[in-house]
Amino acid sequence: MKNKLLGFIMLVAVTAVHEAAATVRLPRLVSNGMVLQRDQPVRIWGWASPGEAVSVAFLGKTYQAITGTDGQWRVTLPAMKAGGPYEMSLKASNELKVKDILVGDVWLCSGQSNMETPMSRLRDKYPDVIAQAANPRIRQYEVPLTYSFQGPRADLTGGKWIAADPQTVLQFSGVAYFFAKEINAKYQVPVGIIKDAVGGSPAQAWLSAEALKQFPTYEQQAAKYKDSTLVAAIRQREGAAVADWYRSLYQADLGEARGQQKWSAPSYDASSWAVMNVPGYWAEQTPLGPVNGVLWFRKEVDVPATMTGQPARLELGTLVDADSTYINGQLVGTTSYQYPPRKYEVKAGVLKPGKNVVVVRLISNGGRGGFTKDKNYQLTAGGQTLDLRGPWQYRLGATMLPTPGTTTFHYQPGGLYNGMIAPVLPYAIKGVLWYQGESNTANPADYLALMTSLIADWRKQLRQPNLSFLYVQLANFMAVKSEPSKSSWAAVRDIQRRTLAVPHTGMAVITDVGEWNDIHPLDKQTPGHRLALAAQKVAYGDAKVVASGPLYQGMQGAGNKVTLKFSDTGSGLLAKGGGALKGFAVAGPDKKFVWAQARIEGNKVVVWNDQVPNPTVVRYAWADNPEGANLYNKEGLPASVFTTER
């Protein structure tokens with residue numbers, strides 16, 4: 001009896017495994033709510049048992065496929081006009097239905113954090129846009145962070161299609177949403193966004209193994225991490241070191257010491273603490289210098305009764321690096337790294353009339369710690385705002401060496417391509433939107449080769465040799481410098497300009513909308529709009545649209561003057577804001593750059609400096625933050641950074 005029961009259980013198990021293997025399965029991207037690309041053949045694919053017959057019914061036609069020995073099947077739908085919603089039925093040993101399908105334009109949106117930045121980060125800047133975001137014809141599929149060094153993955157690890165409304169739009173890429181909104185309005189077709197971006201990712205992480213062969217150094221890096229045992233060992237060792245650092249920090253932190261009153265307590269006596277002006281960095285403003293570890297900051301705030309008894313918001317700009325923030329001893333927010341803006345919602349009842357105590361426990365992991373300048377530091381409730389800038393008390397809680405370094409595996413060459421691009425490749429798309437480059441500014445020399453290879457690689461893998469590839473040039477960032485100087489950010493921008501030599505590409509210049517103190521500028525509408533202009537010209541074939549600001553084309557010298565020629569001048573050049581044309585620098589054979597005078601002559605610009613009798617090189621907007629550079633066309637689009645050097 002026992003043996004019969006065991007045999008029956010095994011039979012059921014084998015049957016279940018067989019049936020599971022025979023079940024037709026679709027990739028996650030081919031799912032309810034998807035947007036299919038119009039006006040070109042569309043692949044639909046999936047998996048089942050080898051040799052299994054699969055039929056796909058869509059728009060009154062049925063398409064047949066037989067699963068190959070690899071368990072995959074695929075059918076190709078003919079080019080379709082925009083429309084929907086539609087339903088798709090699949091039959092094999094089981095049946096599937098995919099509902100609420102639209103046909104329109106699909107854009108693969110990739111790069112790093114400025115493409116990833118969601119509308120939720122922008123809600124204070126664009127409250128009306130978010131409130132009016134109900135548009136089921138704009139949809140997004142967010143690809144989860146996944147990397148692989150074992151080869152391309154067959155499917156994504158998660159995600160689903162969502163239609164835009166005031167709540168769901170908070171998850172949408174800000175740049176991509178503004179782009180989609182404009183394209184949808186102009187062409188009256190559904191727009192699908194595949195958000196496929198990872199903060200901090202360098203370009204080489206998005207290259208296939210085939211493309212990496214052009215870059216031996218990166219190829220060797222990728223090969224190293226194919227050893228999963230090695231990866232696991234590195235992860236364990238580095239994770240343990242970081243955990244030990246934080247454990248030691250907590251144990252050494254005088255503000256958290258056992259047996260004494262916590263420094264976050266509102267009744268703690270901080271009268272002996274030193275004072276520092278906020279915002280600022282303690283390396284510059286205190287005798288402590290560039291110490292790492294944890295510092296505590298306290299500020300007493302007099303709150304009127306009219307601000308109490310209701311929710312409040314505490315804004316603390318951005319903090320370097322990690323914080324835990326308290327009001328009257330209650331934790332109101334914590335952030336683990338420097339970039340996110342600190343906008344902490346404070347529950348009703350936390351504030352009280354009269355004296356309130358704000359305490360920030362601020363961890364510096366390395367470099368200089370503190371409060372980013374030129375940001376909002378305020379407490380708001382009931383329509384009233386209290387300015388928190390000015391003197392804060394501070395005390396050092398613990399001194400530590402910088403946090404041990406770690407390997408960011410998903411930044412390694414090829415990892416993101418395998419995990420996040422390869423599974424998307426069978427899906428037909430209209431084009432690519434790309435916002436990346438910040439993580440390659442440390443080594444601009446190979447960025448041109450990386451980007452031209454990436455564009456060619458994706459076009460080849462997608463089987464779309466003329467695929468539109470539109471990208472955002474890096475924004476202005478960091479402190480303004482008074483004299484011409486070297487700039488790796490300008491070098492990357494110039495390489496991005498030169499990448500326009502690749503056919504079917506377009507670029508959005510945004511050196512006029514960045515923020516000197518934030519690598520993530522809040523203006524995502526301008527890059528979205530300028531990408532949409534580029535799309536109208538490159539992807540939609542509108543030859544009349546002025547899609548770019550002036551682009552340098554060539555130079556001619558005569559005496560101490562250089563005449564510069566431009567394309568994309570639109571209806572004419574101008575110095576934005578009136579006054580003198582700024583942002584140009586010249587150098588002679590010695591390559592010592594000085595600011596130049598410049599004037600517009602028709603669609604050309606004449607540049608000179610009386611101290612440079614034989615100018616050989618001209619640069620424009622050549623700085624991390626080229627404030628004041630004001631060459632535009634009359635359509636309001638800024639000229640790109642450039643150097644006349646080959």
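**Exercise 1. A salt bridge across the chain**

Work out whether Asp-323 is buried or exposed, then find which residue its side chain meets in a salt bridge.

*Solution.* Start with Asp-323: its relative accessibility is 2%, so it counts as buried (buried is under 20% relative accessible area, exposed is over 50%, and partly exposed lies in between, with a 1.4 Å probe and protein chains only). A quick note before going on: this is a predicted model, where local features need pLDDT of at least 70 and side-chain atom pairs count only at pLDDT 80 or more, while totals for chains, interfaces and linings use all residues. Residues are numbered from 1 along each chain as its sequence is written, and side-chain values use heavy atoms, with hydrogens and water left out.

Next, look for the partner. The side chain of Asp-323 meets that of Arg-342 in a salt bridge, 2.7 Å from N to O. That passes the cut-off, because a salt bridge needs a side-chain nitrogen of Lys or Arg within 4 Å of a carboxyl oxygen of Asp or Glu.

Now place the two ends. Asp-323 sits in strand β16 (residues 322–327), whereas Arg-342 is in the loop between β17 (330–335) and β18; the pair is 19 residues apart and links distant parts of the chain. Helices (H or I, at least four residues) and strands (E, at least two) are DSSP runs, numbered from the N terminus.

Last, check the other end: Arg-342 has a relative accessibility of 0%, so this residue is buried too.

**Exercise 2. Two more bridges and a network**

Compare the burial of the partners in Glu-256–Lys-262 and Arg-313–Glu-315, then say which residues share a salt-bridge network with Arg-313.

*Solution.* Take Glu-256 and Lys-262 to begin with. Their closest N and O atoms are 3.8 Å apart. Glu-256 is buried at 13% relative accessible area, but Lys-262 is partly exposed at 30%.

Move on to Arg-313 and Glu-315, whose salt bridge is 3.8 Å from N to O. Here Arg-313 is buried at 17%, and Glu-315 is buried at 10%.

Then widen the view. Arg-313 and Glu-315 belong to a network of salt bridges that also takes in Asp-124, Lys-343 and Glu-345. For the whole model, the count comes to 31 salt bridges. As a general point, side chains of opposite charge can pair when their charged atoms come close.

**Exercise 3. Pockets and a cavity**

Describe the largest pocket, the second largest pocket and the largest cavity by volume and lining.

*Solution.* Get the terms straight. On a 1 Å grid over the protein atoms alone, a cavity is a set of points where a 1.4 Å probe fits but cannot get out; a pocket is an open set with protein on both sides within 12 Å along at least five of seven lines; lining residues have an atom within 4 Å of a point. Points are joined across faces, edges and corners, and volume is the space filled by probe spheres set on them.

The largest pocket holds about 1300 Å³. It has 40 lining residues, and the closest to its centre are Tyr-337, Gln-338, Tyr-339, Pro-340 and Tyr-411. α2 (113–116), α7 (228–252) and β18 (343–346) each give two or more residues to that lining. By class, the lining has 13 nonpolar, 18 polar and nine charged residues (Ala, Val, Leu, Ile, Met, Phe, Trp, Tyr, Cys and Pro are nonpolar; Asp, Glu, Lys and Arg are charged; the others, Gly among them, are polar).

The second largest pocket comes to about 450 Å³. Of its 18 lining residues, Tyr-281, Val-320, Gln-338, Phe-477 and Asn-517 are the closest to the centre. The lining splits into seven nonpolar, six polar and five charged.

Finally, there are four cavities of 30 Å³ or more. The largest cavity has about 60 Å³ of space, and its lining includes Met-507, Arg-530 and Pro-638. That lining has six nonpolar residues, two polar and one charged.

**Exercise 4. A three-stranded sheet**

Lay out the sheet that holds β12, β20 and β15, and find which residue of β20 stands opposite Val-320.

*Solution.* The order is β12-β20-β15, an open sheet with antiparallel pairing. Its edge strands are β12 (280–281) and β15 (319–320), each pairing on one side only. Two bridges join β15 to β20 (residues 370–371), which meets the rule that strands pair if DSSP finds at least two bridges between them. Opposite Val-320 you'll find Gly-370.
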